[in-house]
Amino acid sequence: MLETKEMLEATVKGLQDKIGQLNMDLKSKQQELEDAGKPVISSKTMDTINDAINKAIENYNFDNTDQYEIDYSLDYDGRVQAESIDLTDAYELMEAIVTNVEKQFKIEQDEETND
């Protein structure tokens with residue numbers, strides 16, 4: 001009976017290892033499936049895009065107080081505090097980012113297809 005228990009434990013361990021490997025394979029294939037329809041860009045291109053986004057954000061004027069909606073409240077000590085600050089004009093920031101990214105590339109119009 002002792003040998004049978006050891007054999008069963010070894011079988012269970014082997015099956016658990018196999019399940020673990022199959023789960024890793026499944027995750028890998030799911031990622032491949034998710035990426036199948038995505039356009040491919042090089043890491044150099046991605047670095048260029050990241051740099052353009054960073055530059056646009058760094059150069060954006062966040063000091064314009066007209067862009068924010070601020071909710072004030074009083075704390076327990078009677079001090080005024082900003083409870084929330086919302087950027088109300090995110091379009092300008094988005095436009096600055098898009099413009100900066102577009103400057104980094106030669107953009108060609110896609111050919112229109114008539115279906």
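Residues are called buried under 20% relative accessible area, exposed over 50%, and partly exposed in between, with a 1.4 Å probe and protein chains only as cover. The model is predicted, so local features need pLDDT of at least 70 and side-chain atom pairs count only at pLDDT 80 or more, whereas totals for chains, interfaces and linings use all residues. Residues are numbered from 1 along each chain as its sequence is written, and side-chain values use heavy atoms, with hydrogens and water left out.

**Exercise 1. Classify Glu-34 and Lys-38 by accessibility, and state how they are linked.**

Step 1. Glu-34 has a relative accessible area of 52%, and is therefore exposed.

Step 2. Lys-38 has 44% relative accessibility, so Lys-38 counts as partly exposed.

Step 3. A salt bridge requires a side-chain nitrogen of Lys or Arg within 4 Å of a carboxyl oxygen of Asp or Glu. The closest N and O atoms of Glu-34 and Lys-38 are 3.8 Å apart, and the two residues form a salt bridge.

Step 4. Asp-35 belongs to the picture as well: Glu-34, Asp-35 and Lys-38 are linked in a network of salt bridges.

**Exercise 2. Describe the salt bridge of Lys-13 and Asp-17, and place both residues.**

Step 1. Side chains of opposite charge can pair when their charged atoms come close. For Lys-13 and Asp-17, the closest N and O atoms are 3.3 Å apart.

Step 2. Helices are DSSP runs of H or I with at least four residues, strands are runs of E with at least two, and numbering starts at the N terminus. Lys-13 and Asp-17 both lie in helix 1, four residues apart, which is about one turn of the helix.

Step 3. Lys-13 is partly exposed because its relative accessible area is 48%; Asp-17, at 45%, also counts as partly exposed.

Step 4. In total, the model contains seven salt bridges.

**Exercise 3. Determine how strand 1 and strand 2 are paired, and describe the hairpin.**

Step 1. Two strands pair if DSSP finds at least two bridges between them. Seven bridges join strand 1 to strand 2, and the strands run antiparallel.

Step 2. Two positions illustrate the pairing: Asp-71 has Ser-84 of strand 2 as its bridge partner, and Tyr-72 stands opposite Ala-82 in strand 2.

Step 3. Five residues lie between the strands of this hairpin, where Gly-78 takes a positive phi near 80°.

Step 4. A salt bridge joins the side chains of Asp-77 and Arg-79 at 3.2 Å, N to O. Asp-77 counts as exposed because its relative accessibility is 60%.

**Exercise 4. Is Gln-67 buried or exposed, and which side-chain contact does it make with Tyr-60?**

Step 1. Gln-67 is located in the loop between helix 2 (43-59) and strand 1.

Step 2. Its relative accessible area is 4%, so Gln-67 is buried.

Step 3. A polar contact is a pair of N or O atoms within 3.5 Å; within protein, one must be able to donate a hydrogen and the other to accept it, and residues adjacent in sequence count only if both atoms are side-chain atoms. The side chains of Gln-67 and Tyr-60 make such a contact at 2.5 Å.

Step 4. The side chain of Gln-67 also reaches the backbone oxygen of Asn-61, at 3.2 Å.
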